[in-house]
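Work through the exercises below with the structure in view. Each task is followed by a solution in steps.

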Amino acid sequence: MASRTIVSVTMEGSKGRRLGIAAAALAALAAFCLPAAAASTKTAAANRKTKAVRPVRELTLAERLAAVARRGPIRDRSQIGVAIAPIGQPAILSTNADADLILASTTKLFTTSAALDRLGPGYRFRTSLLQDGEVLADGTLAGRLVIHGGGDPAISGRLYENDPWAVFRPWSAALAARGIRSIRDGLLLDTSFFDDEKTHPHWPAAQEQNWYQAPVSALSYNDNVVLVRVTGAVRPGGRASLGFYPAQPFLMSVVGQVATLGGRGANVGVSRRAGSARVYATGAVGSRRTWSGDVTVVDPPLYLASAFTKALREDGIAVGGLPEVRGRASAPAKPLPVLYVHETPILPVLAVCNKRSQSFFAEQILKTLGAERRGSGSWKGGLAEVEGFLRSLGLDPSRYRIADGSGRSRENRSSAAAYLDFLQALATRWKYFPQYEPTLAVTGSMDGSLRHRMLGADTRGKVFAKTGNIAGVVTLAGYIEARSGQRYAFVLLANGGCSEGRGHAWQDRILTELARWG
């Protein structure tokens, strides 16, 4: 045994001897106990170390997603609905998934998928120019040029490198090729392909002037939106000039007083009351500075007529008389000669609708669907076709309340679970899904509404979805490819006082987690 040092204490007398003996005994006892105590301490420390390194159970994907989803956009105010599933498999997350919630612009997926299914990927929107009258020797069309609308939403510069006049050049060329140099009685605008209801009854009248609530018509131009241009005078203090671009719609006017200030700034506003053809401009603009703001037009076919008339005159074809709108079809005594047919393929139209969330396009598509399939270019006719499409996918249409084509109505409702079933049906048993999926917005792609969202390595270019946003409602539905290569369908609905920024952040957190761990 190792030697131990024993400290002895020496005292005088017998008392000192007794104390010395006691001290020695205590020292001996301490020497015996210390090794055992040290061993016990080492054992406890070892036990603590063993407990510290014991492996913790890793969270499942569903647990990770549920933890993120529970942190809603606005605590105690927003109502959320979440449903996520691998393609073709049961849901791995369902949070309040049976609640009936407002869909906003995710409604567009019902409209566009039904249109592609019912009309086919080869469908083309057609606008026809018809000759109503004889062409005289001097090149005069002794009658009217009839323009028969087919619901085309893309008569604009949108598909023509933003040139608003490009669409009309082949029209003018076709007339010139027939020797027409003037149109004596002007333009007859046939809008009978659609009914006369231009604005949905559920849409708020106070938002009629906004581009996202543009009126609907079988003959439309430039998304039925016109730019109001305000140009400052040469010197400060002068009155700014007011005008329309690309063309001044018939019967519309812009009034107001906009002052010219020094510098290059602008603080201008434009407004139009519901049903009014008068646009008001107010504010101030810098010297020689041009400011532009958009406003919807009152009468879409007359807007097209004003733009086309301007294009004809610039190409040397005179137009007499005033344009006339005909809302009901009337069969002529004999078929009118066709001078030109303008065609727009359906797939680029669906892409604009889904990627850019263009509500005007959605409503034009829906009414065209009704017109082509049921002979009724109305919201009712189009919605009946959407219902039929859902039924063809094996879905119960009663689970989906669809009121319009775009999601502007707050009556567009579904549960997250029902919407997930719809997405699953598209991806697993719909023959046109390969052509349809590329029409969705993609994270990081500049042609869509997800261009600035989820730009991390796991999510950029991996989310294909439709966004949605109306007052207090933020929604997102679509598909995502996770890091593992597994593809998922997802529905993320937030209703009730939810701001766009908070809603997007909540959705992005969920999908980023899914992309990383899925």
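## Exercise 1: a helix and its surroundings

Eleven of the twelve residues of helix 3 are buried, so this helix is largely enclosed by the rest of the structure. Buried means under 20% relative accessible area, exposed over 50%, and partly exposed in between (1.4 Å probe, protein chains only). Helices (H or I, at least four residues) and strands (E, at least two) are DSSP runs, numbered from the N terminus. The model is predicted: local features need pLDDT of at least 70, side-chain atom pairs count only at pLDDT 80 or more, and totals for chains, interfaces and linings use all residues. Residues are numbered from 1 along each chain as its sequence is written, and side-chain values use heavy atoms, with hydrogens and water left out.

Task: find the span of helix 3 and state what follows the helix.

Solution.
1. Helix 3 covers residues 108–119.
2. The expected span of a helix is 1.5 Å times one less than its number of residues.
3. From first C-alpha to last, helix 3 reaches 16 Å, close to the expected 16 Å.
4. The buried residues of the helix include Lys 108, Phe 110, Ser 113 and Asp 117.
5. Gly 120, just after helix 3, has a positive phi of about 90°.

## Exercise 2: aromatic pairs

Task: classify the pair of Phe 110 and Tyr 419, then that of Trp 203 and Trp 379.

Solution.
1. Rings of Phe, Tyr and Trp (its six-membered ring) pair if their centres lie within 6.5 Å; planes under 30 degrees apart count as stacked, over 60 as edge-to-face and the rest as tilted.
2. The whole structure holds 18 aromatic pairs.
3. For Phe 110 and Tyr 419 the centres are 5.1 Å apart and the planes stand at 70°, so this pair is edge-to-face.
4. Phe 110 belongs to helix 3 and Tyr 419 to helix 9 (residues 416–429), so the pair ties together parts 309 residues apart in sequence.
5. Phe 110 is buried at 0% relative accessible area, and Tyr 419 is buried at 0% as well.
6. Trp 203 and Trp 379 are also edge-to-face, with 5.8 Å between centres and 80° between planes.
7. Trp 203 sits in the loop between strand 7 (187–190) and strand 8 (225–231), while Trp 379 is in helix 8 (residues 379–392), so this pair links parts 176 residues apart in sequence.
8. Both Trp 203 and Trp 379 are buried.

## Exercise 3: the nonpolar cores

Task: which residues have the most contacts inside the largest nonpolar core, and which helix gives the largest share?

Solution.
1. A nonpolar core is a set of buried Ala, Val, Leu, Ile, Met, Phe, Trp, Tyr and Cys residues joined through side-chain atoms within 4.5 Å.
2. The largest core has 63 residues, and those with the most contacts inside it are Phe 110, Tyr 419, Phe 422, Leu 423, Leu 426 and Trp 430.
3. Helix 9 supplies the largest share of this core, nine residues.
4. Contact means heavy atoms within 4.5 Å. Beyond its neighbours within four places in sequence, Leu 426 is in contact with Ser 113, Phe 389, Leu 393, Phe 433, Tyr 436 and Tyr 479.
5. A second, separate core has 44 residues, including Ile 183, Leu 189, Tyr 221 and Leu 339.

## Exercise 4: a glycine in a strand

Task: is Gly 143 buried or exposed, and which residues does Gly 143 touch?

Solution.
1. Gly 143 lies in strand 5 (residues 140–148).
2. Its relative accessible area is 6%, so Gly 143 is buried.
3. Not counting residues up to four places away in sequence, Gly 143 touches Asp 132, Gly 133, Ile 183, Arg 184, Asp 185 and Gly 186.
4. Leu 187 is 44 residues from Gly 143 along the chain, and their C-alpha atoms are separated by 9.1 Å.

## Exercise 5: unusual backbone angles

Task: where do Pro 246, Asn 96 and Arg 288 lie?

Solution.
1. Most residues other than glycine have a negative phi, and most peptide bonds are trans.
2. Tyr 245 and Pro 246 are joined by a cis peptide bond, with omega about 5°; Pro 246 is in the loop between strand 9 (241–245) and strand 10 (253–261).
3. Asn 96 has a positive phi near 50°. Asn 96 lies in the loop between strand 2 (93–95) and strand 3 (101–102) and is partly exposed at 38% relative accessibility.
4. Arg 288 has a positive phi of about 60°. Arg 288 lies in the loop between strand 12 (278–286) and strand 13 (290–296) and is exposed at 57% relative accessibility.
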